[in-house]
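Me: I would like to learn how to read the contacts in a model of protein with DNA. Can we take them step by step?

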There are 2 protein chains.
Amino acid sequence: MGDRASAIAKLAEVFRERGYEGASLALMSRATGLGKGSLYNYFPGGKDEMADAVIDQISGWFEEEVFTSLRSDLVPADAIMLMIERVDTYFRSGRRTCLVGNFALGDSRDRFSQVNAYFEVWKEALAQTLVRAGRSKVDADAAAEDAIAGIQGALVAARALNDPELFGRVLRRIERRLMDQCLAIHARI
Amino acid sequence: MGDRASAIAKLAEVFRERGYEGASLALMSRATGLGKGSLYNYFPGGKDEMADAVIDQISGWFEEEVFTSLRSDLVPADAIMLMIERVDTYFRSGRRTCLVGNFALGDSRDRFSQVNAYFEVWKEALAQTLVRAGRSKVDADAAAEDAIAGIQGALVAARALNDPELFGRVLRRIERRLMDQCLAIHARI
DNA sequence: GTCTATACAGCGATAGAC
DNA sequence: GTCTATCGCTGTATAGAC
């Protein structure tokens, strides 16, 4: 059912721009071109199930396009460059925000367990890549935390400052720091 | 009117935890112990004026406790250490989120011009401190962006991962990088 | 200034015709 | 499967008694 998938993608943009509470069925009906009745046919569980489906689709995209590459047998540095590139594409170079991050800040976090999982899986996949590059687990975890926090914060700041290009600038520096982690053999500052 | 100020502080926690849309008058009435009628007596403009007052109070706190120190004649490194300490205190070591960042992610950003100002002023004050420490404007801007994005992202990640201590860890590494910027005289990698 | 009562619009959700 | 009509409820906001 490609139809359902495309409906979910449209719902995602509504949730992304308005947050969980701000995303009304009226808006979602307009965005998808489906009446409320049809929405409830696709998602019998109502708004909650819609949000669930949206987060799952997003998680699935990151799993396929980002996390899988990190876990592949690519050279760590290449895997990370690919991650950065895909992230930049996904967030439209700072013109899109992170729905999962948005949910995380509110009380929606507690309703949707996938919020925690999304960050957990990402952090672990990135840290493992850095371990493959020769870092200790402790250093790798630290660098992964910094990178993921940096990306999320860059999305917040870019939107707050109305400066999408800030995202690209910060992202490039995050990439550089991760590459340094790949090159430096030893250290432990 | 200290009464109004303490009401605003309580309203702030509701907005912080539920976002603009999720913060209902019923919740705010309970949080403040004031009836709806009284809330409208304090804030004739309704919910919008409440949110306005909340953001202003937060901006005021940061102005007094953080930005002013950055602009003072303190040694840059000391000013930055003070900033980090106050930020850690304010966000209760990762157990509190940033209301302004939360608003920035949603459509509330466009309703409240102070969201933009909050980040703008912070970034500029921090960058100026780094310039005082001998950095070029370009390098200072970059480091300030990284630091502010890092802080915001750390709040998102800490909450998403249910790991408040992540905030302290990331914050310490941000501090270290800022201190490095103070020490290095030249560079331009 | 505080409260309770209430107006009325919009919410999520459901029913039922087609 | 799609729509429209409608339910019951909660939302913001206001009126008016005290």
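Reply: We go through the DNA contacts, then the protein interface. One caution applies throughout: this is a predicted model.

Me: Which residues around DNA strand D come nearest?

Reply: Start with a distance cut-off; here a residue is near the strand if one of its heavy atoms lies within 4 Å of it. Around DNA strand D there are 14 such residues. Those that come nearest are A:Gly35, A:Ser38, B:Leu25, B:Tyr40 and B:Lys47.

Me: What share of the DNA strand D atoms within 4 Å of the protein belongs to sugar or phosphate?

Reply: Sort the strand's atoms into backbone and base. Sugar or phosphate accounts for 67% of the atoms of DNA strand D within 4 Å of the protein, and bases make up the rest.

Me: Which protein atoms lie by the phosphate oxygens of DNA strand D?

Reply: Look at main chain and side chain separately. A polar backbone atom of A:Gly35 is 2.5 Å from a phosphate oxygen. B:Ala23 also uses a backbone N or O atom, at 3.2 Å from a phosphate oxygen. With B:Tyr40 it is a polar side-chain atom, 2.5 Å from a phosphate oxygen of the strand.

Me: Which helices supply the surface near DNA strand D?

Reply: Map the residues back onto secondary structure. Helix H3 (36-42) of chain A and helix H3 (36-42) of chain B each supply at least two residues. H3(A) gives the most, with 4 residues. By class, the surface near DNA strand D has 5 nonpolar, 7 polar and 2 charged residues.

Me: Now the protein interface. How many residues of chain B are in contact with chain A?

Reply: Count contacts, then turn to area. In chain B, 39 residues are in contact with 39 residues of chain A. About 3,600 Å² is buried between the two chains, and carbon and sulfur atoms give 55% of that area. On the chain B side, B:Leu105, B:Arg159 and B:Leu161 lose the most area to chain A, together 19% of what that side buries.

Me: How many salt bridges does the rule find across the interface of chain B and chain A?

Reply: Check charged pairs, then polar ones. The rule finds 10 salt bridges. One of them joins B:Arg18 to A:Asp107, with the closest N and O atoms 3.8 Å apart. There are also 21 residue pairs in polar contact across this interface.

Me: Which helix of chain B gives the most to the side that touches chain A?

Reply: H9(B) does, with 11 residues. By class, that side of chain B has 13 nonpolar, 10 polar and 16 charged residues.

Key
Residues numbered from 1 in each chain as written. Chains lettered and ligands numbered in written order. Predicted model: local features only at pLDDT ≥ 70, side-chain atom pairs only at ≥ 80, totals over all residues. Heavy atoms only, no water. Polar contact = N/O pair within 3.5 Å; in protein donor to acceptor, adjacent residues only side chain to side chain. Nonpolar A, V, L, I, M, F, W, Y, C, P; charged D, E, K, R; others polar. Contact = heavy atoms within 4.5 Å. Buried area = accessible area lost by both parts, 1.4 Å probe. Salt bridge = Lys/Arg side-chain N within 4 Å of Asp/Glu carboxyl O.
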